[in-house]
Amino acid sequence: MKQKIFVTATNTNIGKTYASVKILEQLGKQGVKIGAFKPIETGVDNIPQDALKLLEVCQKYNTNFKNLTPFDITSYTFTLPAAPFSADSKGIIDIAKIREKIVKLEAKCDFLLIEGAGGLMVPIKKSYFMIDLIKDLNCQTLLVTPSHLGCINETLLSIKALENRDIEYNWCVNLYKDKESFNTTTKPFYDNYFKKWNYLDKLVASY
């Protein structure tokens, strides 16, 4: 049965690619025919590095991805390290083409991981945001949240945005910053507010 998941985060540099690679590795080791797609990548000088990391994992476990390049698992790349709307100075992004690429990649795998750019409200078009793409693709979503001081606000706002759009989601904390203080500044609230939550590594282990 074909499955796909959209990996997003509360912001940029939170760990989307790190989480995506871990999930792909975990499923690949189980014999799942994995695939990956990075619809839009900005800040690209030559080779889209996020797409390259995803592709290298897929090529280890799925022969259908062996002859693909990073550009085969992206729809649009831009040089400017900014939101897609800003990086796309010529306005070339076409959501229909992103959909078409997904269909082609889904044919090569049983599990397709789609990695977003930035956070949920990052603009792709003037009135079309990353969360709109997630909704249109009807994807199960994984929200990766940070562990630094102030992350509670970011996490709750992102979760509320997903719930307001009726998007099915799971979420986890990527414990990579303020590790020592997280247990006293953030974890007590999460433990009391949420019935259940996971660290990224523990969630990945459950796949």
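**Group meeting: helix H5 and its surroundings**

Okay, let's start with a cysteine. Cysteine 139 has a relative accessibility of 5%, so this residue counts as buried, since the cut-off is under 20%. Keep in mind, please, that what you're looking at is a predicted model.

Now, you see a cysteine and you probably think of disulfides. How far is the sulfur of cysteine 139 from the closest cysteine sulfur? The answer is 12 Å, with cysteine 109 as the partner, and that is too far for a bond. A disulfide here would need the two sulfur atoms within 2.5 Å. Cysteine 172 tells a similar story: its closest cysteine sulfur sits in cysteine 151, 12 Å away, so that one is too far for a bond as well. Cysteine 172 is also buried, at 0% relative accessibility. And the count of disulfides by this rule? Zero.

Let's step back along the chain a little. Just after helix H5 comes asparagine 138, and this residue has a positive phi of about 55 degrees. H5 itself covers residues 130-137. Is H5 largely enclosed or largely open? It's largely enclosed by the rest of the structure, because six of its eight residues are buried. If you want to find them on the screen, they are Met130, Ile131, Asp132, Leu133, Ile134 and Leu137.

Next, the helix that H5 packs with. Two packed helices are described by the angle between their axes and the distance between the axes. For H4, residues 95-106, and H5, the axes come within 12 Å and cross at roughly 50 degrees. That angle makes H4 oblique to H5. The crossing of the two is right-handed.

So who does the touching? On the H4 side you have Ile95, Ile98, Arg99 and Ile102, and on the H5 side Leu133, Asp136 and Leu137. Sort those residues by type and you get five nonpolar, two charged and no polar. Notice that Leu133 and Leu137 turn up in this contact, and both are on the buried list too.

Last stop: threonine 141, in strand E7, which spans residues 140-145. Buried or exposed? Threonine 141 counts as buried, with 0% relative accessibility. Leaving out residues up to four places away in sequence, threonine 141 touches Phe6, Thr8, Ile134, Leu162, Ile167, Glu168, Tyr169 and Asn170. Spot Ile134 in there? That one belongs to H5 and is buried, and here we find Ile134 touching threonine 141 of the strand.

That's my tour, thanks for listening!

Conventions: Residues numbered from 1 in each chain as written. Predicted model: local features only at pLDDT ≥ 70, side-chain atom pairs only at ≥ 80, totals over all residues. Heavy atoms only, no water. Axes fitted to C-alpha atoms, helices over the stretch in contact; angles between N-to-C directions. Helix = DSSP H or I, 4+ residues; strand = E, 2+ residues; numbered from the N terminus. Parallel < 35°, antiparallel > 145°, perpendicular 65-115°, else oblique. Left-handed = near helix turned anticlockwise from the far one by under 90°. Contact = heavy atoms within 4.5 Å. Nonpolar A, V, L, I, M, F, W, Y, C, P; charged D, E, K, R; others polar. Buried < 20%, exposed > 50% of the residue type's maximum accessible area, 1.4 Å probe, protein only.
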